[in-house]
Amino acid sequence: RETVTETFAEAAGVSVVAISAASGRGVDKLMKAIIDAHAIWSRRVSTADINRWLRVATERHAPPQSKGRRIRIRYMTQSSARPPTFIAFCSQPGGIPASYLRYLTNSIREAFGMPGTPIRINLRKGANPYADK
């Protein structure tokens, strides 16, 4: 179990099921774990729920500054399932470090009950409302 935890850091919380090929013991537990993992893999999170979570997560741990300017993550939405993929619209996508993305990913896993599921977060720069003025 420790080896799995260290080796598959991207899928933190993955279920580990011991089975025996000789006796067939544990296969029923394996099938239950597969069905549960598929349900989590296919889960959709509403935009309202993910944005409520985002507000709390950024209040708890604000994004770092980049080039002396504060990075603002305006909103997020889930673009697809299998694997759960989220798009975050922010002021400076290139300025967000990998450690902050790990924080967001682990926080999503914890808040929405997605242990063992690889989660993708794509960063995009939102449109500037003052560009035409």
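**Sheet, helices and aromatic pairs**

In this predicted model, Cys90 has Lys125 of strand 5 as its bridge partner. This bridge belongs to the region where strand 4, comprising residues 85-90, and strand 5, comprising residues 120-125, pair in the parallel sense over six bridges. Within these strands, Thr85 is placed opposite Arg120 of strand 5. The two strands are also parts of a right-handed β-α-β unit, in which they are joined by helix 4, residues 98-111.

Strands 4 and 5 take part in an open sheet of three strands, whose order is 3-4-5 and whose pairing is mixed. Strand 3 (73-80) and strand 5 stand at the edges and each has a single partner strand, so that one side of each is left without a neighbour in the sheet. On average, and with direction ignored, neighbouring strands of this sheet are turned by 25° against each other. Two helices lie across these strands: helix 3, residues 47-60, lies across strand 3 and strand 4 and runs at about 140° to strand 3, while helix 4 lies across strand 3, strand 4 and strand 5 and runs at about 125° to strand 5.

Gln78 is a residue of strand 3, and Gln78 is buried, because its relative accessible area of 6% falls under 20%. The side chain of Gln78 reaches two backbone atoms, namely the oxygen of Arg43 at 3.2 Å and the nitrogen of Val45 at 2.6 Å. When residues up to four places away in sequence are not counted, Gln78 touches Arg43, Arg44, Val45, Pro84, Thr85 and Phe86; Thr85, among them, is the residue that stands opposite Arg120 in strand 5.

Across the whole structure, a search finds two aromatic pairs. In one of them, the rings of Tyr75 and Phe89 have centres 4.7 Å apart and planes at 20°, and the pair is therefore stacked. Because Tyr75 lies in strand 3 and Phe89 in strand 4, this pair ties together parts that are 14 residues apart in sequence. Tyr75 counts as partly exposed, at 40% relative accessibility, whereas Phe89 is buried, with a relative accessible area of 16%. In the pair formed by Tyr100 and Tyr103, the ring centres are 5.4 Å apart and the planes stand at 45°, so this pair is tilted. Both Tyr100 and Tyr103 lie in helix 4, three residues apart, which is about one turn of the helix, and Tyr100 counts as buried at 2% relative accessibility.

Note on methods
Residues numbered from 1 in each chain as written. Predicted model: local features only at pLDDT ≥ 70, side-chain atom pairs only at ≥ 80, totals over all residues. Heavy atoms only, no water. Pairing = 2+ DSSP bridges. Helix = DSSP H or I, 4+ residues; strand = E, 2+ residues; numbered from the N terminus. Right-handed = clockwise from strand over helix to strand, strands pointing away. Axes fitted to C-alpha atoms, helices over the stretch in contact; angles between N-to-C directions. Contact = heavy atoms within 4.5 Å. Buried < 20%, exposed > 50% of the residue type's maximum accessible area, 1.4 Å probe, protein only. Polar contact = N/O pair within 3.5 Å; in protein donor to acceptor, adjacent residues only side chain to side chain. Phe/Tyr/Trp six-rings, centres within 6.5 Å; stacked < 30°, edge-to-face > 60°.
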